[in-house]
Amino acid sequence: MLQRLSKIAGVTGFALLMLGTMLSGCASPTYDFRGDWTADEKTAVMNGISEWPSSPGHVRLVRVTDDNPNPEQCNESVDVTPTMLGTTYKDDQEICFWADRISRSAVDHNIARQDLLEQTAAHETGHLFGLGHSAEDAPASIMRAERSDAATTVTAFDLATLKNYRSDN
């Protein structure tokens, strides 16, 4: 519904997320961008986060590059799979985006880099909410572990999974 409203009203997803947060009486989410982010990259990340119906709260968003792979910057304690585009640290409310990997994967999969960054943000935000990777035989989902199998946006299945997760926890 929020996506449809944003098209009708011409309002960005982030603005709707902020409006919904204010109307619900929740504290405004804060997003701490760390690293050398462009305005377009920040917009893509915020659009990905806003695909979910609620805010994950305060989140640290770290841009990591091949030239600056500082593992401690992302509380990284183990080597990350070379094809992994993002890493979420739920306890720290932190998402690391592997910028150079996203650029290479966008070329490999013939997808716009900003679109892939938005999809990665939506996927990693699902992890912040406590969701794991969806099963291979599950309906289309942004939470698939493999990019080639994943939906390009948060799906009804993802929203139902989040609702079930919240009711169980």
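**Exercise 1. Place S105 by its contacts and its cover.**

Step 1. S105 touches L85 and L116, leaving aside residues up to four places away in sequence. Contact means heavy atoms within 4.5 Å.
Step 2. S105 sits in helix α4. Helices (H or I, at least four residues) and strands (E, at least two) are DSSP runs, numbered from the N terminus.
Step 3. S105 counts as buried because its relative accessibility is 10%. Buried means under 20% relative accessible area, exposed over 50%, partly exposed in between (1.4 Å probe, protein chains only).

The model is predicted: local features need pLDDT of at least 70, side-chain atom pairs count only at pLDDT 80 or more, and totals for chains, interfaces and linings use all residues. Residues are numbered from 1 along each chain as its sequence is written, and side-chain values use heavy atoms, without hydrogens and water.

**Exercise 2. Describe the cover of α5 and its partners.**

Step 1. Helix α5 spans residues 113-128.
Step 2. Twelve of its 16 residues are buried. Among them are L116, L117 and H123.
Step 3. The buried residues of α5 pack against α3 (39-49), β2 (59-64), β3 (86-89), β4 (94-98) and α4 (99-108).

**Exercise 3. Go from the end of α5 to N169.**

Step 1. G130 follows α5 and has a positive phi, near 105°.
Step 2. N169 and G130 lie 39 residues apart in sequence, yet 9.6 Å apart in space, C-alpha to C-alpha.
Step 3. N169 belongs to the segment after α6 (156-168). N169 counts as exposed because its relative accessibility is 64%.

Notes. Expected span 1.5 Å × (residues − 1).
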